[in-house]
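Q: I have a fold on my screen and I'd like to learn how to read it. Could you walk me through it, one feature at a time?

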Amino acid sequence: MASYCTVILFVSMMVSSVLTEEPICTKYAVQDKLVDVVFELEHQVDTLKRALKNVQHQLNTYQLTMDMSTAALATRVDGLDTKLTAEDKRIEEKLTMLTNGLPSRITSMMTGLCSTTLVAFQAFLSINIAFPQVKVVTFNEVPVNIGNAYNATTGIFTAPVNGTYLFSMTIGNPTGNPGAMMMKKNNEDIGYAIAGHTTGWNQGSQTTVVRMSVGDVMFVEGEGHVSGNYAGFRKHSSITGILINNC
């Protein structure tokens, strides 16, 4: 009997919520109390299992949410990477296009505008010419032609840049061989000189300043007699031009 009471007392201490009264030291009482203890333990185990299952479910739900969030974030990052790659490519192509076209655009913009171009020429007539009718004088001896704007074959100067130009012409003739020269910008008269209408040798000259645009031409037309060079540096008829302002 003492052993039964010892068992009941031990179980009562382990499961105090089940036993609220002093244990009864009988064989049947111990069995009943053991059944109650087992039932209570099973109940607590079931409760713990449900709690554990609920915690596991919450963990699974949290893990799924995290996986979905991570996948969504990765997809968004991939999309941003794709957009950034496309934008980088577009910017690179645009920069390449601008870089490749920049020199030609600058050249096109600067053509005819202010530049550092130097333009100057001097030309003489090497032979005597008699013009039965008005004709362009081709000053064929060209010691100076900076910029190559004067054509000794045609006698025409073509402005390479916009600017203000100074031109001077001289005609020298002896008595009895009168002649004249007319300077023109395109088809506009801008200068006139005569010689040979008085006794002995004489020279007539004209200097003018004119504004010219790219492609404008200047030339001299002769009428009557125009004398060419004589011995040494006796240059009777000549033409000179220089760019004095290129803006």
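**Reading the fold**

A: Let's start with one residue's neighbours: leaving out residues up to four places away in sequence, F219 touches V136, G155, I156, M182, M183, K184 and N186. Keep in mind that this is a predicted model.

Q: Is F219 buried or exposed, and where is it found?
A: The idea is to check the relative accessible area against a cut-off: buried means under 20%. F219 has 9%, so it's buried. As for its place, look in strand β10, residues 217-226. F219 also sits 9.9 Å from F139, C-alpha to C-alpha, with their positions 80 residues apart in sequence.

Q: How do I read a sheet, and what is the strand order here?
A: Strands of a sheet pair through backbone hydrogen bonds, either parallel or antiparallel. Here you have an open sheet of 5 strands, in the order β3-β1-β11-β6-β9, and the pairing is antiparallel. At the edges stand β3 (141-146) and β9 (202-212); each has a single partner strand, so one side of each lacks a neighbour in the sheet. On average, neighbouring strands of this sheet are turned by 10° against each other, direction ignored.

Q: How many bridges join β6 to β11?
A: There are 7 bridges between β6 (residues 163-173) and β11 (residues 238-245), and the two run antiparallel. For one facing position, find F167, which stands opposite G241 in β11.

Q: What about T170 in β6: buried or exposed?
A: Use the cut-off again: T170 counts as buried because its relative accessibility is 16%. Its contacts beyond four places in sequence include M181, Q203 and H236.

Q: Which residue takes a positive phi in the hairpin of β7 and β8?
A: That's N186, with phi near 55°, in a hairpin with 2 residues between the strands. The strands, β7 (residues 179-185) and β8 (residues 188-195), run antiparallel and are joined by 7 bridges. Within them, K184 stands opposite D189 in β8.

Q: How do I read aromatic pairs, and how many are there?
A: You look at the distance between ring centres and the angle between planes, with over 60 degrees counting as edge-to-face and under 30 as stacked. The count comes to 5 aromatic pairs. F157 and F167 are edge-to-face, at 5.4 Å centre to centre and 70° between the planes. F157 lies in strand β5 (residues 156-158) and F167 in β6, so this pair ties together parts 10 residues apart in sequence. Y165 and F167 have centres 6.0 Å apart and planes at 5°, so they're stacked.

Q: Which residues form the aromatic cluster?
A: F121, Y150, F157, Y165 and F167. Among them, F157 is buried at 1% relative accessibility, and F167 at 0%.

How values were computed. Residues numbered from 1 in each chain as written. Predicted model: local features only at pLDDT ≥ 70, side-chain atom pairs only at ≥ 80, totals over all residues. Heavy atoms only, no water. Pairing = 2+ DSSP bridges. Helix = DSSP H or I, 4+ residues; strand = E, 2+ residues; numbered from the N terminus. Axes fitted to C-alpha atoms, helices over the stretch in contact; angles between N-to-C directions. Buried < 20%, exposed > 50% of the residue type's maximum accessible area, 1.4 Å probe, protein only. Contact = heavy atoms within 4.5 Å. Phe/Tyr/Trp six-rings, centres within 6.5 Å; stacked < 30°, edge-to-face > 60°.
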